[in-house]
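Reader: Could you put the model up and take me through how its parts are arranged?

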Amino acid sequence: MAALTPISRTPVSFYLPVTAAAGAFAGLLVGTSQGAPWAGVLYGAGLMALISLILTRVLPSEKAGRWTLVALFLIGGYAMAGFPGAVVGGLFGWFFGWFTFWLYEGRYRARLAPYLTPFQVLWHFSFRVICGAIFVFLITPILVVMPLSFNAENFFTFTPEMLRFDPAGYSLKHYRDFLTNSVWQDALRNSVMIAPAATFLSVSFGTLAAIGLSQPHVPFRRAIMAMLISPMIVPLIISAAGMYFFYSRIGLQGTYLGVVLAHAALGIPFVIITVTATLVGFDRSLTRAAANMGANPVTTFFRVQMPLIMPGVISGALFAFITSFDEVVVVLFVGSAGQKTLPWQMFTGLREQISPTILAVATILVAISIVLLTVVELLRRRSERLRGMSPG
Amino acid sequence: MSDQTTSGPVLAADGTPLKRSLARALRMQKLRALALIAPLLLFVLITFIAPIADMLFRSVENQIVQDTLPQTVEALADWDPSASEVPDEEVFRALAADLKVAVKAKTHTRLGTRLNYEMTGASSLFRKSGRRVKKMDPEGDASLKEAFIGIDKKWGEPEIWNTILTYSPKYTNGYFLNAVDMQKGPDGPEARPENQQIYMILFGRTLFMSLVITGSCILLGYPVAWILANLPTRTANLLMILVLLPFWTSLLVRTSAWKVMLQQQGVINDVLVWLGLVGDDARLVMINNQFGTIVAMTHILLPFMILPMYSVMQTIQPTYLRAAKSLGATNWTAFWRVYFPQSVPGIGAGSILVFILSIGYYITPEIVGGNTGTFISNRIAYHISSSLNWGLAAALGAILLAVVLLLYYAYDKIVGIDNVKLGG
């Protein structure tokens, strides 16, 4: 992005205290881990002030200075806490080098409007740090699961070997357990059988109904819509309780059919929402033109309307699939031991016999959801392009 | 055109008046739309609406007493419960006859279980009497009253007779009274003793924790939605992945991740101990309590708050804020008087959605909630699968459903069902 504001070097009285404060904070962290917090604060502040002075006043080249700093911190970290220390030290070194020159050269100001007061600049960056922290909160739990699934021990936390990046601390044994253990394999097979069937039911009924709902004159449209969306709104435990009572009356409780029907009902709102959203931008004159040229309604549907709303239908199908694939409350009540799905097995695993195989399964599921997310995003863009809502 | 208006109604090509022809076309269109919707409507009615209706029916259904003890209920109609006396011989004869039939059909234990919800000890009383009643002769001369009292003294006290009489109608509000910590007394509903009141506390806790979770979602979601709406599109799309990935990740994965993070030997405690912020012997207890439930559920529901807020904030022109500032408003005034009011619909939509979802949550509180962090849904599940008091479970569910439907109605009025968006 082009710079908004001309930048100039800042005085020592500005960048020195700021880097010293950052150093004090880092020193506090290092100091507490070594058992001497206050000494850490003092040393950190002093060290950082000195380093930033040397970097800006003594060393001629920015690049050389920053690389030297990274190397020094890497070695220092290794001396203090071994391999993990070296990683943390290297990151600190990189950050402080960048931070010093960011302040010293006035780069922080370049992309901000020139009329901002110093306080507004400070708020701008603090706000970004707050948002960054929230993003970290959102993503950390998912990231933490992945390395832990390669744990060589049956622990749910990082072992010292893992922190030393010792290859002996890592293994694929939980993945092997998932692939060989018959309990997990049965659960996987059930999930793979139930989810596509439920998806097929909700997509075929849901697409038809969505087309009906988007016609210009539909009596009781609001009431019908509210009823069709309700499986998404009614708490799962209530749906599960009702289905348990009702399905055991009609003999569907504990059968594959019962679970598939229940999951199809839960997936319908997602299909309805995505397909009606696609149909909002659908040009009705296309179907009229097709009819005008002699196509019967069925041909019109399959040759004209279907290809255009396909992206919406597929993303609705993916939503319905993931709803069924992730669902645990309803299957817990409507199914019996024979219909144990993957989430159900994870749920019992979490409640009773805790085994890190759950984390291996979780990692696989995260990989699947990344794939699904990518597909849905691509479809959404394609659909917008097809309907001419966004260029390119 | 002008000469037609003078010569009667306008005619369509086939000679029918245009008005009627139009009405027919419209009717055809409506019918076609309904025909397209009908299969799904029928499907949802059978697989979803009927089960809910069945649950509501179960919350008031109480035919078991009348079905199992028909003669006793009839004989008891003349008995005066306020006299606090045991009914006379005739009622005991009817009871013996009913129990003989019930023991053959093996339904007397189920009746005992049912009455045990209302009066502790009824279950064993019926089981014991069922074993001994076979030897009795309802037609004989011996006093059956004394025989029954001989089996168990409880038959000689008015309490059991009161219970049978109170629960003899086919439909009862007893489960609902139970669900709000009340019981049926001889003179109408009365409050349960203090030490038996648990459901109002649970409902209160569920509401309170849902509010806290909604509040923290607003607090955390607002800055993120703002920055996503105000960054250049490319960067915003990249950051959006960080919001959408948790949204797409399995609920069980996120719950197990929080279990891993919050445990006493978990990642957060390990990091804190490594940093020296807490001692190894004083690890924080962050799981199996309200704190754990609130943190995990805030994380799980946060995308549902961010996405509606983001779609509303995208429509707010950034020029308004600049205009306010150039007219002399401070940063805070510009935000609070100009930007914030325009973003309120997004907050409203997100809050109702998060509140509805959190109030009925089951999985996460069950795994990270322990004893103090569980919701009313966990109690419902307990009554269905462990205590088998289905009527009470149905009544609790009906109350929860009423709350959620009220919120759903509000959501429909404020946001509109059609405007629900999924993903970006």
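Author: What follows goes from the chains to their domains, and then to the contacts between helices.

Reader: Before that, what sort of model is this, and how are things numbered?

Author: This is a predicted model, in which local features need pLDDT of at least 70 and side-chain atom pairs count only at pLDDT 80 or more, while totals for chains, interfaces and linings use all residues. Residues are numbered from 1 along each chain as its sequence is written, and chains are lettered from A and ligands numbered from 1 in the order in which they are written.

Reader: How many helices and strands does chain A have?

Author: Chain A has 15 helices and zero strands, where helices (H or I, at least four residues) and strands (E, at least two) are DSSP runs numbered from the N terminus.

Reader: And chain B, how many of each?

Author: In chain B there are 20 helices and two strands.

Reader: What radius of gyration does chain A have?

Author: The radius for chain A is 29 Å, whereas a compact globule of 392 residues would have one near 21 Å; the radius is taken over C-alpha atoms, and the globule rule is 2.2 Å times the number of residues to the power 0.38. Along the principal axes, the C-alpha atoms of chain A fill a box of roughly 80 × 55 × 30 Å.

Reader: Same question for chain B, what is its radius of gyration?

Author: For chain B the value is 32 Å, against near 22 Å for a compact globule of 424 residues, and the C-alpha box along the principal axes is roughly 100 × 95 × 35 Å.

Reader: Which domains is each chain divided into?

Author: Chain A is divided into domain 1 (12-115) and domain 2 (181-354), with bounds that come from an automatic or database domain assignment, and the C-alpha centres of these two domains are 54 Å apart. Chain B is divided into domain 1 (2-58), domain 2 (64-170) and domain 3 (199-419), and 42 Å separate the C-alpha centres of its domain 1 and domain 3.

Reader: Now the interface: how many residues of each chain are in contact?

Author: There are 80 residues of chain B in contact with 84 residues of chain A, two residues being in contact if their C-beta atoms, placed from the backbone, lie within 7 Å. On the chain B side, helix 2 gives the most, with 20 residues. That side of chain B divides into 56 nonpolar, 16 polar and eight charged residues, where Ala, Val, Leu, Ile, Met, Phe, Trp, Tyr, Cys and Pro count as nonpolar, Asp, Glu, Lys and Arg as charged, and the others, Gly among them, as polar.

Reader: Where does helix 10 of chain A meet helix 2 of chain B, and at what angle do they cross?

Author: The axes of helix 10 (residues 256-280) of chain A and helix 2 (residues 18-58) of chain B come within 10 Å and cross at roughly 125°, which makes helix 10 of chain A oblique to helix 2 of chain B. Axes are lines fitted to C-alpha atoms, for helices over the stretch in contact, and angles run from 0 to 180 degrees between N-to-C directions; those under 35 degrees count as roughly parallel, over 145 as roughly antiparallel, 65 to 115 as roughly perpendicular and the rest as oblique. Leu261(A), Ala262(A), Ala264(A), Ala265(A) and Ile268(A) meet Leu40(B), Val44(B), Thr47(B) and Phe48(B) there, a contact with eight nonpolar, one polar and no charged residues.

Reader: What about helix 9 of chain A and helix 19 of chain B, what angle there?

Author: Helix 9 (residues 236-249) of chain A and helix 19 (residues 376-385) of chain B have axes that come within 10 Å and cross at roughly 15°, so helix 9 of chain A is roughly parallel to helix 19 of chain B. Ile237(A), Ala241(A) and Tyr244(A) meet Ser377(B), Ile380(B), Ala381(B) and Ile384(B).
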